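Biologist: Hello! I am new to this structure and would love a friendly tour of its charged residues. Could we look at it together?

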Amino acid sequence: MEYRRVKDQEIYDDLSQKDVESLSGRTLSSANTSGLSYTGGAKGKSSWKLKSVVTLALTLLTSSQAILIVWSKRAGKYEYSVTTANFSVEALKCLLSLAALVRTWNRHGVTDDNRLTTSFDEVGVYPIPAVLYMVKNLLQYYIFAYVDAPAYQILKNLNIISTGVLYRIILKKKLSEIQWAAFVLLCAGCTTAQLNPSSDHVLQTPIQGWMMAIVMALLSGFAGVYTEAIIKKRPSRNINVQNFWLYIFGVIFNLVAICVQDYDAVMNKGFFHGYSFITVLMILNHALSGIAVSMVMKYADNIVKVYSTSVAMLLTAVVSVFLFSFRLSLAFLLGSTVVSVSVYLHSIGKLQPQK
């Protein structure tokens, strides 16, 4: 009897000890889970704030781009040289890329992937996209002789079609049926937004404006696809190094454009003749827009660009009502809605890689 009592006591003590350990384990596990959840929540909240800031910045920059170009005009024409403005944008982007590189060098040192010294074969591919971007950016000023700011924001989405088709031709990238349908919707939305029921002309934008918009879309699409092919050729290369060399050639070609088109005006009146506060804001806007897009690619996702594009069209229209007496029409609202839907469909309709 005594032996059984002692044995029962040992079993009881053993079970009690296991219960304590089990309870302690559950408590620690719960504490760890709670801690991880808190940490994950903090990181998620920080990431959400960063995405919100980037989205807001890109939306404001995109929507104000066309407005600042139109606003910089005086009596319907540019008092400053558009070639010098384009040169200033490229020079500022070059300096921003160099500043980002210096920061990288101070943090991580100089490596093979972030050093500026390079071979002729690597640098020799940048003149082509630099020339294309220069012509496209110059056309951006002249198109406003035929379109207003809200119409420009809508027609600018045509580069989605050119980019998609060139992706298919150059990079052999397949497009889904949803994306092809989005292209048709995009064309329909752009056309609907330009309908002019109160005039003998069916479309508000004349044929010259449409032709310039199509040329700009083709130039932008080809330059974008070509640049992406360059970047993917050496993915480990620091993006700021690649941007720096692209902008360097942009500076050179815009300097040539100044000599060809505005040499006498610059020599007689000065490089910054006709510049105003709005002109300076416009140059800053163009330079920072490229930086904002890069941040979206790094810290957010493609859907952010979709929302920014859609909201920018609406903001541009609303601001133009007060600044330029733009009249909102039902056709414009319906067209901009269709364009927004098509951009969204194109974004979500990407083919998923097969596992």
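Modeller: Let us begin with D262, which is buried yet has no salt bridge. This is a predicted model, where local features need pLDDT of at least 70, side-chain atom pairs count only at pLDDT 80 or more, and totals for chains, interfaces and linings use all residues. Residues are numbered from 1 along each chain as its sequence is written, and side-chain values use heavy atoms, leaving out hydrogens and water.

Biologist: Which side chain of opposite charge is nearest to D262?

Modeller: Lys and Arg count as positive and Asp and Glu as negative, while His and the chain ends are not counted. A salt bridge needs a side-chain nitrogen of Lys or Arg within 4 Å of a carboxyl oxygen of Asp or Glu. For D262, which is buried (under 20% relative accessible area; exposed is over 50%, partly exposed in between, with a 1.4 Å probe and protein chains only), the nearest candidate is 9.2 Å away, and that is K269.

Biologist: With which side chains does D262 make polar contacts?

Modeller: D262 sits in the loop between α9 (239–261) and α10 (263–269). A polar contact is a pair of N or O atoms within 3.5 Å; within protein, one must be able to donate a hydrogen and the other to accept it, and residues adjacent in sequence count only if both atoms are side-chain atoms. The D262 side chain has one at 2.6 Å and another at 2.5 Å, with S81 and T83 respectively.

Biologist: How many salt bridges does the whole structure hold?

Modeller: One joins K93 and E90 at 3.3 Å, N to O, and another joins D112 and R115 at 3.5 Å. R237 and E122 also meet in one, at 2.9 Å. A search of the whole structure gives a total of three.

Biologist: How many residues apart are R237 and E122?

Modeller: R237 and E122 are both buried. Their salt bridge, at 2.9 Å, links distant parts of the chain: R237 is in the loop between α8 (207–233) and α9, and E122 is in helix α3 (residues 120–123). Helices here are DSSP runs (H or I, at least four residues), numbered from the N terminus. The separation of the pair is 115 residues.

Biologist: Is D112 buried or exposed?

Modeller: Its salt-bridge partner R115 is partly exposed, with a relative accessible area of 31%. D112 has 56% relative accessibility, so D112 counts as exposed.

Key. Helices (H or I, at least four residues) and strands (E, at least two) are DSSP runs, numbered from the N terminus.
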